[in-house]
Amino acid sequence: MAHSARRDSPELPDLSLLKRLVRDQLIYLLEQLPGKKDLFIDSDLMSPLDRIANVSILKQHEVDKLYKVEYKPISSISDQLCFLIRPRIPTVKWICDVVNADKAAGKYRRYKIIFTPQKFYACEAVLEEQGIFGDVTTDEWAFYLLPLDDDIISLELPEFFRDNFLAGDQRWVRTAGSALHLLHSLFGPFSKVYGIGRCSKMTYESWREQVEEGDQKPRLAEIGNVFLIDRDVDFVTPLCSQVVYEGLVDDIFRIKCGCVEFGTDVTSSEKSIKVMLNSKDKVFNEIRNEHFSNVFGFLSQKARNLQIAYDKRQGMDIKQMKAFVSEELKGLKQEHRLLTLHISASESIMKKKTKQDFQELLKTEHCLLEGFEIRECVSFIEEHINRQVSMIESLRLLCLLSVTENGLLPKDFRSLKAQYLQSYGADHLLTFSNLKQLGLLVEQQPGETLTVMESKVGKLVNDRTAGKLTDAFSSLAKKSNFRALSRKLNLVPKSDEEYDLRVPRDMAYIFSGAYVPLSCKLIEQVLERDGWTGLEEVTRLINGHEFAVTGSSGADFKPKSDAQRIILVMFLGGCTFSEISALRFLGKEKGYKFIVVTTAITNSSRLLEALLDNHV
């Protein structure tokens, strides 16, 4: 069943320290406004805040009432208002309206704006333009990192992907650099830093600036190597259907800040229930990384074991029964409740995936990854669009076709685009423009067949004089070169080999043995080679701005020390649960432990929703 970890697997650092630090800072900022106050919170900060400081903690520090920011006149009667917000101009303008409305009504209050994770000059400029700069006090809550589990940390910045990769807005790069600086301060120094992608390079540079500005105190390192990876280095992985349990739960029910809300179809009652999904849930911890085909077998075995544990009560005397009730019964009841929930969730997933002809969908994806039966795949996508099965699913399949084939043939591009716009509305023209800009859905230009493109790349790779990116190579910047990468790195295992999902042999199990995620394969290769040496052609195909830097001195690194086998991987632009499962598998195989830091947890739906033309 679940893969057993190597016995010499290192212990992870205690990430709960991150929570304590930001909680203490928030309390300090609230106390800067003494007395009772009402707190207005940005809607997308409510779930992260709940993981850091619940209502009772806020009440202890004189927060009287809590409100969600709703861009309408407020009903608060408090004479002190505190606003906990993201640094967004529309929110700042709304606060200006609130203050100016009070001024017009002759009402005097004290106002404090707490920007998180940082404030931007543009927000302060709005306060000045609206004439209230002197009426409010502003501060920053450096809430960079939210630990979701023992090995997952999120910046909870879903807008990072669209802002940075589509709009070219680099304001969050400093935030990512500050997050890395915080981890370095607490758990560093790092021995080596590897990166690939333009944003990764900028994040590294931002972090180094902050390190040089501060004091470096020698300490015993708890983290060895660090990887920084841009999301646009690997678009194929988030476009594939997730089939590990945690990924499917996220796709169907949406995991938010490590919590999921199971509806009445799962709870079998009139109420929905919120469940924290992490390693403390013993049932979930054992199935989260499993391929879905193995989950029911595990759950049924777990149910049998639980029944045996309950049956131990038979024939007990009073003393034994008393010990059983005080020591075991509570834990068994909790496990029983969670087991029931996960069985119901699995049944719900099965029903929903059967409705969508899931097996046919997976077969199409696997054909696209392997480059077989492309005409049949195009027909399947056309049918999917014309039946209006799902707007996002149709878009996902179009993008997967484009990325794996290095662009669509002109006649296919025109035909599929026309059919999509007819099915889902002509207002999606801008969506197509966004996808083209990112290289997710493009039309092959005349003379740019896959073979020709690969030969161009090959020529550039072999051209030893190409010290810089030439014009010809720059023109390939938005091309995926997936087929060439797949061959170089063996991303698609041979289909004639039998793949036993119960005993996975490599990271491809997370996609039913059809594909090893490129992002994770790169990490595996760099760790094996201790750098990018030997991967020059791969990095040129990715056009990846790769780098490898020996970290700061001051740590006494012993060979094969625990810290050297703790590896931090930072995904800039989002990371999927499938990739996290793949890295956990790799860690168990090689004796590493991975800590995944991501700007946000993503999947194909979130990735594409961020690029829709009507995205706000």
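Trainee: What is the sign of phi in Arg 254, which follows H10?

Mentor: The sign is positive, with phi near 65 degrees in Arg 254, just past the end of H10; the helix name reflects a convention in which helices (H or I, at least four residues) and strands (E, at least two) are DSSP runs, numbered from the N terminus. This is a predicted model, in which local features need pLDDT of at least 70 and side-chain atom pairs count only at pLDDT 80 or more, while totals for chains, interfaces and linings use all residues. Residues are numbered from 1 along each chain as its sequence is written, and side-chain values use heavy atoms, with hydrogens and water left out.

Trainee: What makes H10 a mostly covered helix?

Mentor: Of the 9 residues in H10, which spans 245-253, 7 are buried, a word that stands for under 20% relative accessible area, with exposed over 50% and partly exposed in between (1.4 Å probe, protein chains only). The buried residues are Tyr 245, Glu 246, Gly 247, Leu 248, Val 249, Asp 250 and Phe 253.

Trainee: Why is Asn 490 called partly exposed?

Mentor: Its relative accessible area is 48%, so Asn 490 falls in the range between buried and exposed. Asn 490 sits in the loop between H22 and H23, just after H22, and has a positive phi of about 55 degrees although it is not a glycine. H22 itself is mostly covered, with 6 of its 8 residues buried, namely Phe 482, Arg 483, Ala 484, Leu 485, Ser 486 and Leu 489.

Trainee: Is Glu 156 buried or exposed, and what is the value behind the label?

Mentor: Glu 156 has a relative accessible area of 17%, which is under 20%, and therefore counts as buried. Glu 156 lies in the loop between strand E7 (152-154) and H6, and its phi, near 50 degrees, is positive in a residue other than glycine.

Trainee: What makes the peptide bond between Thr 116 and Pro 117 noteworthy?

Mentor: That bond is cis, with omega about 5 degrees, whereas most peptide bonds are trans and most residues other than glycine have a negative phi. Pro 117 is placed in the loop between strand E4 (110-115) and helix H5 (121-129).

Trainee: Why is Phe 511 called buried, and which residues does Phe 511 touch?

Mentor: Phe 511 is buried because its relative accessible area is 3%, under the 20% limit. Phe 511 belongs to the loop between helix H22 (482-489) and helix H23 (518-529). Not counting residues up to four places away in sequence, Phe 511 touches Thr 237, Cys 240, Ser 241, Val 243, His 366, Pro 517 and Ser 578, where contact means heavy atoms within 4.5 Å. Cys 240 and Phe 511 are 271 residues apart along the chain, yet their C-alpha atoms are separated by 7.9 Å.

Trainee: What makes a group of residues a nonpolar core, and which members of the largest core have the most contacts inside it?

Mentor: A nonpolar core is a set of buried Ala, Val, Leu, Ile, Met, Phe, Trp, Tyr and Cys residues joined through side-chain atoms within 4.5 Å. The largest has 169 residues, and Trp 141, Tyr 515 and Met 570 have the most contacts inside it; helix H17 (residues 391-404) gives the largest share of this core, 8 residues. A second, separate core of 19 residues includes Phe 83, Ile 95, Cys 123 and Ile 132. Leaving aside neighbours within four places in sequence, the residues in contact with Tyr 515 include Asp 234, Cys 240, Leu 369, Phe 482 and Met 507.

Trainee: Why is Gln 419 called buried?

Mentor: At 13%, the relative accessible area of Gln 419 is under 20%, so the residue counts as buried. Gln 419 lies in helix H18 (residues 410-424) and, apart from neighbours within four places in sequence, is in contact with Glu 382, Ile 385 and Asn 386.

Trainee: Why does Cys 259 form no bond with the closest cysteine sulfur?

Mentor: A disulfide is a pair of cysteine sulfur atoms within 2.5 Å, and the sulfur of Cys 259 is 7.4 Å from that of Cys 257, its closest, which is therefore too far for a bond. The structure holds 0 disulfides.
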